[in-house]
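Hello,

Here is the structure I promised to pass on to you. Have a look at it first, and then read on for what turned up in it.

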Amino acid sequence: ESSIGIETKLKAIFLPFIGKSHLLFVVDMARLFAMHNVDVTIITTPANATLFQTSIDRDSSRGRAIRTHLVNFPQIPGLPHGLEIIDADTPQDSSKLFYQGLLLLQENFQQIIRDMKPDFIVTDMFYPWSVDIAAELGIPRLNCNGGSYFSHAARNSTEQFAPHVNVSSDDETFSLPGLPHKIEMTRSQLSDWVKEPNNEFGYWMKMIIDADRKSYGSLFRSFYELEGTYEEHYQRVTGTRSWSLGPVSLWVNQDDFDKANRGCAKEKEEENGVLKWLDSKEDNSVVYVSFGSMNKFSISQQIEIAHALEDSGHDFIWVVRKTTKENEYLSCLGAGTVPVPDTSILEEFEKRVKESNKGYLIWGWAPQLVILEHSAIGAVVTHCGWNTTLESIYMGLPMVTWPLFAEQFYNEKLLVDVLKIGVPVGSKEWKNWNEYGDKVVKREDIGKAIDLLMGGGEECLEIRKRVNELSDAAKKTIKVGGSSYTKLKELLEELKSFKHQKVNNKMEGEV
Ligand code: UDP
C-alpha cells in the first residue's frame with residue numbers, strides 16, 4: 001500500500017491472439033510481467049488456453065499473480081466446434097468464418113475489460129479495437145508488436161517510397177530508401193498487402209498501424225544490443241514509444257520443465273528421445289531444421305529438404321508437419337474425397353536415417369528451447385520467424401535463412417546483410433501463410449547453405465564469432481542492470497505513476 005492508500009500492485013489484462021504463433025509470445029510477455037509483480041489476467045478461449053495453461057499453473061505455484069480467464073469461442077455456422085486456433089491447417093476458405101467469430105469475441109472481451117477495470121492492457125497487434133476500450137477507461141494500451149524493429153523500418157520504407165513500383169520485373173532488385181544500411185530486395189519477396197495496400201488484409205493492417213499510433217506504446221521482443229539503430233529509427237519515423245523487453249521466451253522459460261513444455265497441449269514424451277539422441281552426438285555437429293508453427297510445404301519441397309539433409313555430411317533434426325489435417329477437415333465439411341498427400345516417401349526416409357543414426361524427425365511440435373540449448377546443435381535452418389531467430393541468437397547459433405511469409409523476408413535481410421549471422425538458401429517468393437507457393441528451393445541450394453555454416457571455413461568462423469557475441473549480449477540484457485531488464489523496470493514505474501496520477505485526479509475531482 002502506498003502512503004495515499006492506493007494499492008501499488010498493478011493490475012493488467014493481456015489479450016493474446018487466437019493463433020499459435022502470436023499467442024505464445026504474448027503469453028510469454030504476460031508471464032514476464034507477472035514475474036515482475038504485476039497481477040495478470042490472460043483472456044482467451046478454451047482451446048487456446050490448453051497450449052499454455054501448464055506454464056500458467058506453474059507460475060501460480062511459484063506465487064505469481066497470474067491466471068487465465070476463459071471465454072467460449074462463438075458458434076459460427078460452418079465452423080466445426082472446437083476449431084478456434086488459426087494455424088497452417090486452417091483451410092483458407094474458413095479464415096473468413098474465424099474472423100466472424102473474432103468480431104463476436106471482441107464484444108465479450110470488451111465487457112470483461114470493463115468489468116475487471118485493469119490499470120493497463122497489453123494486446124496483440126491483431127486487436128486494433130482495444131485502443132478504443134483503453135481510451136474509454138482512460139488506461140494505457142500497450143501493443144505487443146510482432147517482428148523485429150528492422151522489419152518495421154523496411155516495411156515503412158516500402159510504403160513510403162514504393163521502390164518496387166519502379167522495377168520492371170518481380171526479380172529485379174531495388175534498394176529500400178531511408179534505412180541505415182543498404183538493403184536490396186525484389187518485388188517477389190514483398191507481401192501481397194504491401195504490393196496491393198487496398199486489399200482486405202492491407203486495410204486491416206492500416207487499422208493495426210493506426211491503433212499503434214494511438215497507443216501508449218509498443219512492446220518488442222527485441223533487445224537494444226541487437227538492433228538498437230533500428231529501434232531508434234522506428235521511434236523517429238513512427239513518432240511512437242516502444243520498449244525492448246527481449247528475448248522474452250528465454251527470460252520467462254528458465255527451468256527445464258518450462259522450456260520443454262512451452263506451447264504443448266500435453267506433456268511431451270518426445271523430449272527424452274530427442275535429448276538422448278543429441279547426447280550421443282558431438283558438440284556443434286547437428287543441424288536443427290524447423291519452420292515454426294505455421295509452415296506449409298508441398299510434398300515436392302519436403303522431398304528436396306529430405307534429399308538435402310540425407311546428402312549433407314551433417315546430422316540433423318527435422319521438425320516435419322503432416323499436411324493431411326486440412327484434407328480431413330475438408331472431408332468433415334462435406335467436400336467429398338480429397339486426395340491425401342502421399343507422405344510415404346518421408347516415412348521411408350525417416351526409417352533410413354533412423355537406421356543410419358544420421359537424422360531425427362519430429363512430427364508435429366518439438367521442444368524447441370531444450371533442443372536449441374543442447375551443445376550438439378551447431379546451426380538452425382529457419383523461416384526467420386522472429387521467435388526462432390531470437391532463440392537461436394540467444395543460444396549462439398548461426399542460421400540458414402529460408403523466409404516464407406509475413407515479415408520473414410525482412411528478418412532475413414537483418415540476419416544476412418546487417419548482423420551477418422545468416423546464410424540464405426535463396427528463397428525468392430513471398431506467399432501467404434496458408435498457401436503452398438509455386439517455387440521449390442532445390443536440394444543443392446539448401447545443401448550449400450548448410451555446408452557453409454557447418455563446414456568450419458573462415459566465413460563460418462566469422463559468423464559464429466558474431467553470433468556468439470550477440471548471444472552474450474542477449475544473456476546479459478535480461479539480467480539486473482541489462483538494457484531489457486532496465487527498460488521493463490522503467491516501464492513498470494511509469495505505469496505505476498500513471499495509475500497514481502489517475503487515482504489522484506479522480507480524488508481531486510470528487511472533492
Ligand atoms: N516452436 C516450438 N516447437 C515447434 C515449433 C515452434 O517450440 O515445433 C516455438 C518456437 O520455439 C518459437 C515459436 O514456437 O518460439 C515459433 O515462433 P516463430 O516466430 O519462430 O515462428 P511462427 O510460428 O511465428 O511462424
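A word on terms before the tour: a pocket here is an open set of grid points with protein on both sides within 12 Å along at least five of seven lines, and its volume is the space filled by probe spheres set on those points. Please also keep in mind that this is a predicted model.

**The second largest pocket and helix α21**

With that in hand, the second largest pocket comes out at about 310 Å³. Its lining is made up of Lys117, Pro118, Asp119, Leu137, Ile139, Lys499, Lys502, Val503, Lys506, Met507 and Glu510. By type, these split into five nonpolar and six charged residues, with no polar ones. Which helix gives the most to this lining? It is α21, residues 483-510, with six residues.

Helix α21 is worth a look in its own right. Its 28 residues should span 40 Å at 1.5 Å a residue, and the C-alpha atoms at its ends are 41 Å apart, which agrees. Buried residues in α21 are Ser484, Tyr485, Leu488, Leu491, Leu492, Leu495 and Lys499. Lys499 therefore turns up twice, as a buried residue with under 20% relative accessible area and as part of the pocket lining.

**The second largest cavity and helix α1**

Closed spaces come next. How many cavities of 30 Å³ or more are there? The count is three. The second largest of these holds about 40 Å³ of space, and around it sit Leu24, Val27, Asp28, Arg31, Phe52, Ser55, Arg262 and Gly263. Three of the lining residues are nonpolar, two are polar and three are charged.

Helix α1 (residues 20-35) gives the most to that lining, with four residues. This helix is mostly covered, since 14 of its 16 residues are buried. At 1.5 Å a residue it should span 22 Å, and its end C-alpha atoms are indeed 22 Å apart. Just after α1 comes Asn37, with a positive phi of about 75°.

**Helix α15, a helix with two sides**

Helix α15 takes in residues 344-355, and its 12 residues should span 16 Å at 1.5 Å a residue; the distance between its end C-alpha atoms is 17 Å, in agreement. Which residues of α15 are buried? They are Leu346, Phe349, Glu350 and Val353. These four cover an arc of only 105° around the axis, so they lie on the same side of α15. The spacing fits a general point: an α-helix has 3.6 residues a turn, so residues three or four places apart point the same way.

Lys351 and Glu355, on the other side of α15, are exposed. The cover over the buried residues includes α13 (299-311), β11 (315-320) and β12 (359-363). After α15 comes Asn357, whose phi is positive, near 65°.

**Two residues and their surroundings**

Ala211 belongs to helix α8 (residues 200-214). Is Ala211 buried or exposed? Its relative accessible area is 3%, so it is buried, the limit being under 20%. Beyond its neighbours within four places in sequence, Ala211 is in contact with Pro128, Val131 and Arg141. From Phe349, Ala211 is 138 residues away in sequence and 48 Å away in space, C-alpha to C-alpha.

Asp311 sits in helix α13. With a relative accessible area of 56%, Asp311 is exposed, because the limit for that is over 50%. Asp311 and Arg443 are 132 residues apart in sequence, and their C-alpha atoms are 8.8 Å apart in space.

**Backbone details in the loops**

Where does the cis peptide bond at Pro247 lie? Pro247 is in the loop between β9 (242-244) and α10 (248-252); the bond joins Gly246 and Pro247, with omega about -5°.

Asn284 is not a glycine, yet its phi is positive, near 55°. The loop between α12 (270-279) and β10 (286-290) holds Asn284, which is partly exposed at a relative accessible area of 43%.

Cys384 also has a positive phi without being a glycine, at about 70°. The loop that holds Cys384 runs between β13 (377-382) and α17 (386-394). At 0% relative accessibility, Cys384 counts as buried.

Happy exploring, and best wishes!

Methods
Residues are numbered from 1 along each chain as its sequence is written. This is a predicted model: local features need pLDDT of at least 70, side-chain atom pairs count only at pLDDT 80 or more; totals for chains, interfaces and linings use all residues. Side-chain values use heavy atoms; hydrogens and water are left out. Helices (H or I, at least four residues) and strands (E, at least two) are DSSP runs, numbered from the N terminus. The expected span of a helix is 1.5 Å times one less than its number of residues. Buried means under 20% relative accessible area, exposed over 50%, partly exposed in between (1.4 Å probe, protein chains only). The arc is that of the directions from the helix axis to the C-beta atoms. Contact means heavy atoms within 4.5 Å. On a 1 Å grid over the protein atoms alone, a cavity is a set of points where a 1.4 Å probe fits but cannot get out, and a pocket is an open set with protein on both sides within 12 Å along at least five of seven lines; lining residues have an atom within 4 Å of a point. Ala, Val, Leu, Ile, Met, Phe, Trp, Tyr, Cys and Pro count as nonpolar, Asp, Glu, Lys and Arg as charged, and the others, Gly among them, as polar.
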